[in-house]
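Thank you for sending this model; my notes follow as numbered points, so that each can be checked against the coordinates on its own.

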Amino acid sequence: MMDLSERNERLFFKLLIDNVEELLPVVYTPTVGEACQKYGSIFRRPHGLYISLKERGKVLDVLKNWPEKNVQIIVVTDGERILGLGDLGLQGMGIPIGKLALYVALGGLRPSLCLPVSIDVGTNNQKLLDDPYYIGLRQKRTTGEEYDALIHEFMLAAKQEYGEKVLIQFEDFANHNAFKLLAKYGRTHLVFNDDIQGTAAVALAGLVASLPLTGGTLADHRFLFLGAGEAGTGIAEIIATEISRKANIPLEEARRKIWLVDSKGLVVKSRWDSLQHFKRDYAHEHEECKTLLSAVQALKPTVLIGTSGQGSTFTKDVIETISSFNEKPLIFALSNPTSQSECTADQAYTWCKGKCIFASGSPFGPVTVDGKTYYSGQANNAYIFPGMGLGCIIAGVIRIHDDMFLKAAEALASLVTKEHLDKGLVYPPFQNIRKISAHIGAAVAAKAYELGLATRLPRPDDLLACAESCQYSPVYRPYR
């Protein structure tokens, strides 16, 4: 596929668009995880822009080396937390490349508008440092002021070179940097973090879409997360925000419906002093539970969400227990790639005897239990971020507001039909992803205009038609 993209970019995207359900797992998760692990040994020529510590003071000059001058979307990583695979250093470049291929194929952005960037500050992965084919700096990961200065120089250079409206997507930064960077640059740049906000929006969409199957509202559910990092706390916060607004209750009260389990057990008030700041809003009064199973037994959740990056952690005991007190438990095993998924679709449906509503981060095939076939939804960020980028571009957005992700989630959930729900699907099929992205882009743009964050004036009368008309199509012109 990469060879084809080098030889014939138009044909590459035509092939990807026409066969999206088959090729999405090849271009993105789970194959992209393996590609990143082997990136040094399969590297042939660069597909993005590499910025290392050696370029400090010259980052703007490096950006000027990129041949395209009208860049509107940058996906940037430092490779410290690639999927559930950990620190892959410069080999994490596979993620920005894959994400931007999806921006084009799924969202309809022009390839020339997209720039993948990997910032190389070293790696703490000793296996890579010992690998003769590793392509990054052979040093331990730089942190502190030197790291912050390089990131800051990049952020300033990107705005200087490409303007106020260049969208910068932070991708696969470690927790301690991800939250800090989003908070620091969210008010001065057009930025979002897909692991925190994109994952949250797609998870919320699946939960909202499943309500006709479970009955009631989000406020009627009790949520238990395995994993309290970027993805887990990001999903928790968007759920709490949605509950707060729909049920008209304080955000603090909505948060009490959500519980987190991290590597040390249930996040509770008695652990307050040792908790990272982003977990503290979900530290409630409760006795300690050291394991996920004991937390399930004590809290009796209706929704179980996995963002741990640890495979096979939704055990048979856990699935059977949650099924014993729920008529239709929601089980979302969201960790990527497939090897890190908390459980497979086959395990979930088999152990709960077909009772559950299941979604996963990586794709799984249909499962047959007692003669009935179940189809699992894929809670893939690819539903959200291409539409988010499209919406930002058509409206000329200058800042991203959390409400735009709520609107994106609502737009995605609204596209799930009764026919999909009857099959157990809480997400629409990927074969319609270009139309889905246009709907999400229109919803995002509408919210941006409402919030006064859009600069393309006057506002188009029909934002959906505008989004569809702006989508890139890799067609060949007829020649006589």
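**Notes on the predicted model**

1. Helix H12, residues 230-247, has 18 residues that should span 26 Å at 1.5 Å a residue, and its end C-alpha atoms are indeed 26 Å apart, in agreement with that expectation. The model under review is a predicted one. Of the 18 residues of H12, 14 are buried, so the helix is largely enclosed by the rest of the structure. Just after H12 comes asparagine 248, which takes a positive phi of about 55°.

2. Helix H11, residues 194-214, can be read in the same manner: with 21 residues, H11 reaches 28 Å from its first C-alpha to its last, which is close to the 30 Å expected at 1.5 Å a residue. Here 17 of the 21 residues are buried, so H11 too is largely enclosed by the rest of the structure. At the start of the helix, a side-chain oxygen of asparagine 193 comes to within 2.9 Å of the backbone nitrogen of aspartate 195, while the residue that follows H11 is glycine 215, with a positive phi near 80°.

3. Within H11, alanine 205 may serve as a probe of the surroundings. Alanine 205 has a relative accessible area of 0% and is therefore buried, the cut-off being under 20%. Which residues does alanine 205 contact, once its neighbours within four places in sequence are left aside? They are Ala409, Leu412, Ala413 and Tyr427. By way of a longer distance, the C-alpha atoms of alanine 205 and serine 473 lie 27 Å apart in space, with their positions 268 residues apart in sequence.

4. Aspartate 172 deserves a careful look, being placed in the loop between strand E4 (167-170) and helix H10 (175-185). Is this aspartate 172 buried or exposed? With a relative accessibility of 1%, aspartate 172 counts as buried. The side chain of aspartate 172 reaches the backbone nitrogen of leucine 83 at 3.3 Å. Beyond the neighbours within four places in sequence, the contacts of aspartate 172 include Thr77, Asp78, Gly79, Glu80, Arg81, Ile82 and Leu83, and also Ile95 and Asp195.

5. Two packed helices are described by the angle between their axes and the distance between the axes. For helix H7 (residues 94-107) and helix H17 (residues 385-395), the packing angle is about 70° and the axes are 9 Å apart. That angle makes H7 roughly perpendicular to H17. On the H7 side the contact is formed by Lys99, Leu102, Tyr103, Leu106 and Gly107, which meet Phe385, Pro386, Gly389 and Leu390 of H17. The residues of this contact between H7 and H17 divide into six nonpolar, two polar and one charged.

6. Cysteine 466 belongs to helix H21, residues 463-470. At 17% relative accessibility, cysteine 466 counts as buried, because the cut-off is under 20%. Leaving out residues up to four places away in sequence, cysteine 466 touches Ile394 and Pro460. The C-alpha atom of cysteine 466 is separated by 8.0 Å from that of alanine 442, a residue 24 places away along the chain.

7. The remaining points concern the backbone. Most residues other than glycine have a negative phi, and most peptide bonds are trans. A cis peptide bond joins asparagine 336 and proline 337, with omega at about -10°, and proline 337 sits in the loop between strand E10 (330-333) and helix H16 (345-351). The peptide bond from leucine 457 to proline 458 is likewise cis, with omega near -5°, and proline 458 is placed in the loop between helix H20 (433-451) and H21.

8. Where does serine 312, a residue with positive phi, lie? Serine 312 is found in the loop between strand E9 (303-306) and helix H15 (316-324); its phi is about 60°, although it is not a glycine. With a relative accessible area of 54%, serine 312 is exposed. Aspartate 370, also not a glycine, has a positive phi near 50° and lies in the loop between strand E12 (367-369) and strand E13 (372-374). At 76% relative accessibility, aspartate 370 counts as exposed.

Note on methods
Residues are numbered from 1 along each chain as its sequence is written. Side-chain values use heavy atoms; hydrogens and water are left out. Helices (H or I, at least four residues) and strands (E, at least two) are DSSP runs, numbered from the N terminus. Buried means under 20% relative accessible area, exposed over 50%, partly exposed in between (1.4 Å probe, protein chains only). A polar contact is a pair of N or O atoms within 3.5 Å; within protein, one must be able to donate a hydrogen and the other to accept it, and residues adjacent in sequence count only if both atoms are side-chain atoms. Contact means heavy atoms within 4.5 Å. The expected span of a helix is 1.5 Å times one less than its number of residues. Axes are lines fitted to C-alpha atoms, for helices over the stretch in contact, and angles run from 0 to 180 degrees between N-to-C directions. Angles under 35 degrees count as roughly parallel, over 145 as roughly antiparallel, 65 to 115 as roughly perpendicular and the rest as oblique. Ala, Val, Leu, Ile, Met, Phe, Trp, Tyr, Cys and Pro count as nonpolar, Asp, Glu, Lys and Arg as charged, and the others, Gly among them, as polar.
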